Amino acid sequence: MNIAIAGTGYVGLVSGTCFAEMGVNVTCADIDTAKIEALENGRIPIYEPGLEEMVTRNIREGRLHFTTSLETALRNAEALFVAVGTPPREDGSADLSYVEEVARQFGRTIEKYTVLVVKSTVPVGTSARVKAIVREELRLRGVDVGFDVASNPEFLKEGAAIKDFMSPDRIVVGIESERAQKLMTRLYRPFLLNNFRVIFTDIASSEMIKYASNAMLATRISFMNDIANLCELTGADVDMVRKGIGSDLRIGSKFLYAGCGYGGSCFPKDVRALARTAEEYGYEMKVLKAVEAVNEEQKKRVFQKLLERFGGDIAGRRIAVWGLAFKPETDDIREAPSLKTIELLKAAGAEVRAYDPVAMDLCRRTLKFDIEYAEDMYDAVRDADALLLLTEWKQFRLPSWGRIGELMRRKTVIDGRNIYDAAEMRANGFEYAGIGK
């Protein structure tokens, strides 16, 4: 089976590589020449555990190809997956210009029946617009070539994307024809031989499922952060509250961890885009607006706790930061809580020395803040007045507190992810604060 992928970003590269791993002949197209040259040599532009080895293997075995020409990629393809970016505009709506350009090229190029599969995260109604664009391009060419449009949203977790793709808990496909359904079934069956869970829906429902899923998870996070802040005022412990409500089978325990807020490329963007879609239909998503507001305030929480411990003045203080990525096992810093925290620290006159296992190179290239980067986690805390834990990387979980105590100027730790035990920290002589405790 031959397929093409438009876009070699996170979703496109992971999807194309995993399809190739299952024996599909995949050609990934991107307009970025430097990126394509790097990929052809097995160098990938993102950090994702296991991906580089899989890309290299499938290139070597002749199943994974890269090109700057979408026309070349489409030559023998039975399906084209659209995996280009849909960045947020200033009003929160999704910028669909890249998706629409792929649709135009698709309509200008296809010579036989091909399915255009929209995998990019797009608002409800986008696939209908894409279909109209393709039809117009075919009309301008004066040809009658059969095609279908399908919606196939991705549910990949950064840091676990290969596992999620290779062993999915469900695959959602929005289709309009039996022919498209048969093609998508054939493509995905190898991933689900023991548990074939493809959920076929109409296209509008498929598009909504993606946004609704991320909005629900974001809602749970903001809800627990709101509860955590109330726990601090009332003397309750949010970890005990989480265990109590998470044991209710109607609720479950996932995404009920309090912390310093969510970030990344999905939750913030998708919450705003869904709220914006509602506005276009004359409806206000009051819950989602509250979810976003709570999250933006929660990103300030670690900084506020730090100020409380230094009498409201941290000018000239040396602050160590552990973790820059928005979550472990990725170098993605988009809308990470660390960025807001560092912004506030610098505005207050503090010196910042940060360490992250994989995200520092990206931060050096993109951050506007003037901060120091440490060689390792212990170098970060040298002569520090406080340590802020913002990303729960595994190597941060069991550090040598004796060594850290000797290196720090003042033994203050603000735990933005609640990974440390308060009693143990205080027994080691540290002033400690978590979230919701």
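The second largest pocket has a volume of about 220 Å³. The model is predicted. Its lining counts 16 residues, and α11 gives the most to it. Two cavities and two nonpolar cores follow below.

**Second largest pocket**
- Ala94, Leu96, Pro123, Arg129 and Glu280 lie nearest the centre of this pocket.
- Three elements give two or more residues each to the lining: α5 (97–109), α6 (126–141) and α11 (267–280).
- α11 supplies 4 residues.
- By class, the lining holds 6 nonpolar, 5 polar and 5 charged residues.

**Cavities**
- A search of the whole structure finds 2 cavities of 30 Å³ or more.
- The largest cavity has a volume of about 40 Å³.
- Residues that line the largest cavity include Val118, Ser151, Pro153, Glu207 and Tyr211.
- Helix α9 (residues 203–234) gives the largest share of that lining, 3 residues.
- The lining of the largest cavity divides into 4 nonpolar, 3 polar and 2 charged residues.
- The second largest cavity holds about 30 Å³ of space.
- Among the residues lining the second largest cavity are Tyr262, Phe267, Arg272 and Glu296.
- α11 brings the largest share there, 4 residues, and α12 (286–298) supplies at least two.
- The lining of the second largest cavity has 4 nonpolar, 1 polar and 3 charged residues.

**Nonpolar cores**
- The largest nonpolar core has 54 residues.
- Leu306, Trp322 and Tyr420 are among those with the most contacts inside it.
- Beyond its neighbours within four places in sequence, Leu306 is in contact with Ile314, Ile319, Leu345, Ala386, Leu388 and Ile414.
- Another core, of 43 residues, lies apart from the largest and includes Phe19, Leu64, Ala83 and Ala180.

How values were computed. Residues are numbered from 1 along each chain as its sequence is written. This is a predicted model: local features need pLDDT of at least 70, side-chain atom pairs count only at pLDDT 80 or more; totals for chains, interfaces and linings use all residues. Side-chain values use heavy atoms; hydrogens and water are left out. A nonpolar core is a set of buried Ala, Val, Leu, Ile, Met, Phe, Trp, Tyr and Cys residues joined through side-chain atoms within 4.5 Å. Buried means under 20% relative accessible area, exposed over 50%, partly exposed in between (1.4 Å probe, protein chains only). Contact means heavy atoms within 4.5 Å. On a 1 Å grid over the protein atoms alone, a cavity is a set of points where a 1.4 Å probe fits but cannot get out, and a pocket is an open set with protein on both sides within 12 Å along at least five of seven lines; lining residues have an atom within 4 Å of a point. Grid points are joined across faces, edges and corners, and a volume is the space filled by probe spheres set on the points. Ala, Val, Leu, Ile, Met, Phe, Trp, Tyr, Cys and Pro count as nonpolar, Asp, Glu, Lys and Arg as charged, and the others, Gly among them, as polar.
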